[in-house]
Amino acid sequence: MADPPSDPEQPAQQGSPPEPPAVPFTAPPEAPLQAELETPRSPEMLAALGWPQGAGLGQYEEPPGSLAYQPYLDENLMLEQLQQGQGSLFQQLESAFQDAQPDALAQYHAYQREEQPFQPYGGAQHGPYMRDDPSLQFSPSELGFVPYDVEVSEPEPRELAVQNAKAYLLQTSISCDLSLYEHLVNMLTKILNQRPADPLSILESLNRTTQLEWFHPKLDSLRDDPEMQPTYEMAEKQKTLFIKGGGVEGEQEMEEEVADTAVPNLMESAFYFEQGGVGLSSDESFRVFLALKQLVEQQPIHTCRFWGKVLGLRRSYLVAEVEFREGEEEVEEEEVEELMEGADLTAEAHGGEEEGEEDEEKAADVLPKLQWRPPPVIPREESRSGANKYLYFVCNEPGRPWARLPHVTPAQIVQARKIKKFLTGFLDAPVVSYPPFPGNEANYLRAQIARISAATHISPLGFYQFNEEEGDEEEEGGAGRDSFEENPDFEGLPVFELVDSMANWVHHMQHILPQGRCTWVNPLQKKEEEEELGEEEEKGDEGMEEAEQEIGPPLLTPLSEDAEIMHMSPWTARLSCSLCPQYSVAIVRSNLWPGAYAFAMGKKFENLYIGWGHKYSPDNFNPMLPPPVQQEYPSGLEIMEMSDPTVEEEQALKAAQEQALAAAEEEEEDEEEDEDEDPDD
């Protein structure tokens, strides 16, 4: 066995003689601390512990930096000493034990084992799953421990509770690999890096942003950016309204637009309505103006006007009233109606065939005929006439695509007068009501637009005039003239006259009759020419023909002739400002349709509607009651049930039938005999 190295400060190298182990030292198990402190220390031991020669200690004094006489080893203190360069502490302890026990090599062979070379603490690897324990980096001989295994004492209750709590916090979530411990570490790291002034007040928002950064990372891939705010989404769609192409082509287009354009001067009308406290905000009005300009560029429009805004429960409708250029035909829906009528006729034909077969099988049973006939379908008015004079496009917000509303039918107008519904903002939403409405929300909105336009579109007296070529005779329908033109000689009416008398305002939209059309038609006239009706059907038709013809007020009728509403005028006129009436604008408000307004100043006037699309009613709205229960079929001998015959009656009937059959056979035989005798004669 080789001698130990001469320099105790130098660690052992591989291939060199092994270092003699420390002498096992066992302290008394129950030695009191006071007795240990009172034990005298030799000068050799003090020198080994780092004390100068000749130094002395009191009875209760401890040498500086002593670890052997402390009841509990402090790991932090040991690490500080190692970092300060006191790496020779363990060698000093080993030399002290070697001096006290020179025969330690004898026990080395009994407990010999391989030891790892000494590694300074600064080169140790650290990680989240490695304990900062120096005992894991040094050999037992370097730490002054015995080379044989000893029992590890159980941890203290507080340390065990800390370990259990940390293990609980390190549990990962079911939906992701993030634990609460890591989340708290990330949040505290962000607070320490940012150093906010009041971290407690922003703790909740900081927690939310930390979670979003972990669960929703912004990746540079095809993955969509999650949950864009509605405001930003609407701004992106409205951005296209403000983009205009530049260059020479853009200047030429601008000159053409200035020369002749169908886009109305909406900002000027909004300014005048604003004087009376009516209309949209300036920002929204400008966006609507750009949206109308976009509509004119997409469709072959001759004239365009902002009709108004119809409010809804979830979304509202911006309505544009347009008229196509001559030669541009609109899409008709006649094919669908023809298919529906063909299906009805086919069903009736099949029903007739089935009834004929039943009649052949049971000729004796005569079923009563159905006398009720459905009311005739009233045809809708053609395009560019009556209630379908104009086309209407709607959108929910400026920048969204415009949707065209279908033409209105008389049945839809008649049913719309019987119900009152709030709009939802979705054109394909069903209209659940009684009586049932024939269509969806788009059809109901179109019917309400037709009713509001016919009742509230007004203009100053003399602005429009009838064509001179047309005569004064009324049409067959009784509605009179249906067209007019602007008066080039109109100079405007004073504002005071427009406010004082309603006779200075006229309706320039045709009145809708109770039939649902602006011009009355006889629905049975066409059927009489094409079909030959039976006697009973003709009687029913004659009764319908006797109904009086519906006649409404003609065009350009003054507002003073409108009917009152419970002793209340249907219109209210006022000045926009009473302090300076010479510069004011005449504002007229409809009391029959709340939300309908009109202004006039000089040669300018305009109509606007902003409301829920409901008509004013002095009484509370009550839905229609269901019709009365249908009466039972009248009872008579034809349908009365007879009592069953008795046995005697059946036998008597059978005997009578046999006698009648025998008599018939005898007559046949007599006739045959007579025929045989005639040729002989």
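Reader: I'd like to start with one residue. With 4% relative accessibility, does C518 count as buried or exposed?

Author: Happy to help! Buried means under 20% relative accessible area. C518 has 4% relative accessibility, so C518 counts as buried. Please keep in mind that this is a predicted model.

Reader: What about C580: where does this cysteine fall on that scale?

Author: Between the cut-offs of 20% and 50% a residue is called partly exposed. C580 has a relative accessible area of 29%, so C580 is partly exposed.

Reader: Which cysteine sulfur is closest to the sulfur of C580, and how do I judge a bond?

Author: For a disulfide, two cysteine sulfur atoms must lie within 2.5 Å. The closest cysteine sulfur to that of C580 is in C577, at 3.7 Å, which means the pair is too far apart for a bond.

Reader: How many disulfides does a search of the whole structure find?

Author: The search finds zero disulfides.

Reader: Now the bigger picture, please. How many helices and strands are there?

Author: The protein chain holds 20 helices and twelve strands. It has 681 residues, and 29% of them count as buried.

Reader: How do the strands of the open sheet line up?

Author: To read a sheet, walk across it from one strand to its neighbour. Here eight strands form an open sheet, in the order β4-β3-β2-β1-β12-β11-β10-β9, with mixed pairing. An edge strand pairs on one side only, as do β4 (403–404) and β9 (571–575).

Reader: Which helix packs on this sheet?

Author: That is α13 (residues 282–298), which touches β1 (301–310), β2 and β3. The direction of α13 makes about 145° with that of β1.

Reader: What span should α13 have, and what does the model show?

Author: Count 1.5 Å a residue: the 17 residues of α13 should span 24 Å, and the end C-alpha atoms are 25 Å apart, so the two values agree.

Reader: Which residues of α13 are buried, and what do they pack against?

Author: The buried residues of α13 include V288, L290, A291, L292, L295 and V296. E284 and S285 also belong to the buried set. The buried residues of this helix pack against α12 (266–275), β1, β2 and β3.

Reader: Let's look at β3. In what sense do β2 and β3 pair, and over how many bridges?

Author: Strand β2 (residues 317–324) and strand β3 (residues 391–395) are antiparallel, with five bridges between them. You can follow individual partners: V319 is opposite V394, and E321 has Y392 as its bridge partner. Strands β3 and β4 are also antiparallel, over two bridges, and there V394 stands opposite A403.

Reader: Which residues of β3 are on each side, and are they buried or exposed?

Author: In a regular strand, side chains alternate between the two faces of the sheet. In β3, L391, F393 and C395 are on one side, while Y392 and V394 are on the other. These residues are all buried, and both faces of β3 are covered.

Reader: One last residue: where is Q448?

Author: Find helix α16 (residues 441–456), which contains Q448. Q448 has 7% relative accessibility, so it counts as buried. Leaving aside neighbours within four places in sequence, Q448 is in contact with A416, W593 and G613. A polar atom of the Q448 side chain lies 2.7 Å from the backbone oxygen of G613.

Technical notes. Residues numbered from 1 in each chain as written. Predicted model: local features only at pLDDT ≥ 70, side-chain atom pairs only at ≥ 80, totals over all residues. Heavy atoms only, no water. Pairing = 2+ DSSP bridges. Helix = DSSP H or I, 4+ residues; strand = E, 2+ residues; numbered from the N terminus. Contact = heavy atoms within 4.5 Å. Axes fitted to C-alpha atoms, helices over the stretch in contact; angles between N-to-C directions. Expected span 1.5 Å × (residues − 1). Buried < 20%, exposed > 50% of the residue type's maximum accessible area, 1.4 Å probe, protein only. Polar contact = N/O pair within 3.5 Å; in protein donor to acceptor, adjacent residues only side chain to side chain.
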